Amino acid sequence: MVAHACEGVWGLACNPWCEAAVDRILEIKKRSVSKGLIVIGHSSAVFEPELEMVDSSRRFRVQHSWPGHVTWILPTQRFPQTVTGGRSTIAARVPDHKQARELCEAYGGALVSTSANHSSEIPARSESEVRESMGSQVDFILRGSIGDAIGPSEIRSAIDDVRLR
């Protein structure tokens with residue numbers, strides 16, 4: 001598990017298909033699996049299987065919002081239940097943060113990226129906050145700084161275009 005900077009807060013990243021890594025993030029955050037997790041990628045091509053299931057006008061809107069500070073709820077058939085929260089959808093984003101995209105590209109696909117904080121606590125906004133609150137619980141802290149966004153990303157549904165956060 002890697003702590004990394006993103007647009008507005010620090011995140012915890014791992015392989016979404018590694019159940020042990022996902023379980024570890026959920027345990028550290030004290031987060032229920034039913035809430036699901038966000039995944040990020042270096043380009044919209046990473047989410048092509050999901051985008052193919054969305055009508056063309058919404059697909060266009062999603063692709064033109066990325067890279068950006070907008071997470072989209074997309075239909076999925078491939079992400080594990082521990083990441084989707086047991087739903088047939090996934091929360092996906094191509095972040096507007098170069099280092100976060102480079103991390104995904106170096107990995108070679110989508111990564112879970114959830115805010116670096118324990119549930120009900122404020123997300124970390126600096127490397128020092130990550131080190132203080134959960135430094136010994138993560139495998140590596142990727143040096144960096146967050147972008148100019150304020151707080152976590154906006155979340156919208158690509159299915160019905162409703163704003164969820």
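Contact between elements here means heavy atoms within 4.5 Å. The figures below show a predicted model.

**Figure 1. Helix H5 lies across four strands.** Helix H5, residues 98-107, is in contact with strand S1 (2-5), strand S2 (10-14), strand S3 (38-40) and strand S6 (111-115). The helix runs at about 140 degrees to S1.

**Figure 2. The protein chain comprises six helices and eight strands.** From the N terminus on, these elements follow one another as β-β-α-β-α-α-β-α-β-α-β-α-β-β. The C-alpha trace spans about 45 × 30 × 30 Å along its principal axes. A compact globule with 165 residues would have a radius of gyration near 15 Å, and the 15 Å of the protein chain therefore agrees with that expectation. Of the 165 residues, 50% count as buried. Among contacts with a separation of 6 or more, 69% come from residues 24 or more positions apart.

**Figure 3. Eight strands form an open sheet with mixed pairing.** The strand order is S7-S1-S2-S6-S3-S5-S4-S8. At the edges are strand S7 (140-141) and strand S8 (154-157), each of which pairs on one side only.

**Figure 4. Strand S8 pairs with strand S4 in the parallel sense.** Four bridges connect S8 to S4, which comprises residues 70-75. Thr71 has Ile155 of S8 as its bridge partner, and Trp72 stands opposite Arg156 in S8. Both faces of S8 are covered. Glu154 and Arg156 are buried on one side of the strand, while Ile155 and Ser157 are buried on the other. Helix H3, residues 56-65, lies across S4 and S8 and runs at about 145 degrees to S4.

**Figure 5. The buried residues of helix H1 lie on the same side of the helix.** The buried set consists of Ala21, Val22, Ile25, Leu26, Ile28 and Lys29. These residues are placed on the same side of H1 because they cover an arc of only 165 degrees around the axis. Glu19, Ala20 and Glu27, on the other side of H1, are exposed. The cover over the buried residues of H1 includes S2, helix H4 (81-84), S6 and H6. After H1 comes Lys30, which has a positive phi near 60 degrees.

**Figure 6. The largest nonpolar core contains 37 residues.** Within this core, the residues that touch the most other members are Trp10, Val39, Phe47, Trp66 and Leu74. At least two core residues are supplied by each of S1, S2, helix H1 (19-29), S4, strand S5 (89-93) and helix H6 (127-134). H1 provides the largest share, with five residues. A second, separate core has ten residues, including Cys6, Ile73, Ala91 and Ile155.

**Figure 7. Surroundings of Val39.** When residues up to four places away in sequence are not counted, Val39 touches Pro16, Phe47, Phe79, Val83, Ile90, Ala91, Ala92, Arg93, Ala110, Leu111, Val112 and Ser113. Phe47, one of these contacts of Val39, is also listed with Val39 among the residues of the largest nonpolar core that touch the most other members. Ala91, another contact of Val39, belongs to the second, separate core.

Terms used. Residues numbered from 1 in each chain as written. Predicted model: local features only at pLDDT ≥ 70, side-chain atom pairs only at ≥ 80, totals over all residues. Heavy atoms only, no water. Pairing = 2+ DSSP bridges. Axes fitted to C-alpha atoms, helices over the stretch in contact; angles between N-to-C directions. Core = buried A, V, L, I, M, F, W, Y, C linked by side-chain atoms within 4.5 Å. Buried < 20%, exposed > 50% of the residue type's maximum accessible area, 1.4 Å probe, protein only. Arc of directions from axis to C-beta. Rg over C-alpha atoms; globule rule 2.2 N^0.38 Å.
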